[in-house]
Amino acid sequence: MLESLADSLVNTGGIGREGTTGMALINVSGRGENNIVLVPGANGMMGKADIDRHIRLLEGCDVLLVQLEIPLAVV
């Protein structure tokens, strides 16, 4: 994945490799109702200190996509 991102000229300098990959399991009933079990993995470990550590990368961005898979305080 990192190689593919780099080949697409995406700066991967801020990507950490600590923790496990998160996952979400979605169960859908016959009536179309669902429930989601979320295991955040490494995403849940992200904190404000990560923002401070990588602020130069963030300030230089034209676009920053943030999803709610990291703690809300970090978003």
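## Salt bridge in helix α2

R53 and D50 are joined through their side chains by a salt bridge, with an N to O distance of 2.3 Å. The structure is a predicted model. The two residues are 3 apart in helix α2, which spans residues 48-53, so about one helical turn separates them.

The partners differ in exposure. R53 has a relative accessible area of 56% and is exposed. D50, at 18% relative accessibility, counts as buried, because the limit for that class is under 20%.

## Contacts of D50

D50 lies in helix α2, and its side chain takes part in polar contacts with a backbone atom and with a side chain. The backbone atom is the nitrogen of G47, which the side chain of D50 reaches at 2.7 Å. The side chain is that of R53, at 2.3 Å; this pair also forms the salt bridge described above.

## Salt bridge between E33 and R31

A search of the whole structure gives 2 salt bridges. Besides the pair in helix α2, the side chains of E33 and R31 meet in a salt bridge, at 2.8 Å from N to O.

E33 is partly exposed, its relative accessible area being 46%. R31 counts as exposed at 69% relative accessibility, because that class begins over 50%.

## S29 in the β1-β2 loop

S29 belongs to the loop that runs between β1 (23-28) and β2 (34-39). With 33% relative accessibility, S29 is classed as partly exposed. The value for S29 falls between the limits of 20% for buried and 50% for exposed, so neither of those classes applies.

S29 and D7 are 22 residues apart along the chain, and their C-alpha atoms are separated by 41 Å.

## Nonpolar surface patch

L64, V66, L68, L72 and V75 make a nonpolar patch on the surface, with an area of about 510 Å². One of these residues, L72, is placed in the segment after α3 (55-59).

L72 has a relative accessible area of 65% and is therefore exposed. Patch residues need over 30% relative accessible area, and L72 meets that condition because its value is 65%.

Key. Residues are numbered from 1 along each chain as its sequence is written. This is a predicted model: local features need pLDDT of at least 70, side-chain atom pairs count only at pLDDT 80 or more; totals for chains, interfaces and linings use all residues. Side-chain values use heavy atoms; hydrogens and water are left out. Patches are made of residues with over 30% relative accessible area and no salt bridge: like charges are joined within 9 Å, nonpolar side chains (Val, Leu, Ile, Met, Phe, Trp, Tyr) within 5 Å. Accessible areas come from the Shrake-Rupley method with a 1.4 Å probe; for residues, only the protein chains shown count as cover. A salt bridge is a side-chain nitrogen of Lys or Arg within 4 Å of a carboxyl oxygen of Asp or Glu. Helices (H or I, at least four residues) and strands (E, at least two) are DSSP runs, numbered from the N terminus. Buried means under 20% relative accessible area, exposed over 50%, partly exposed in between (1.4 Å probe, protein chains only). A polar contact is a pair of N or O atoms within 3.5 Å; within protein, one must be able to donate a hydrogen and the other to accept it, and residues adjacent in sequence count only if both atoms are side-chain atoms.
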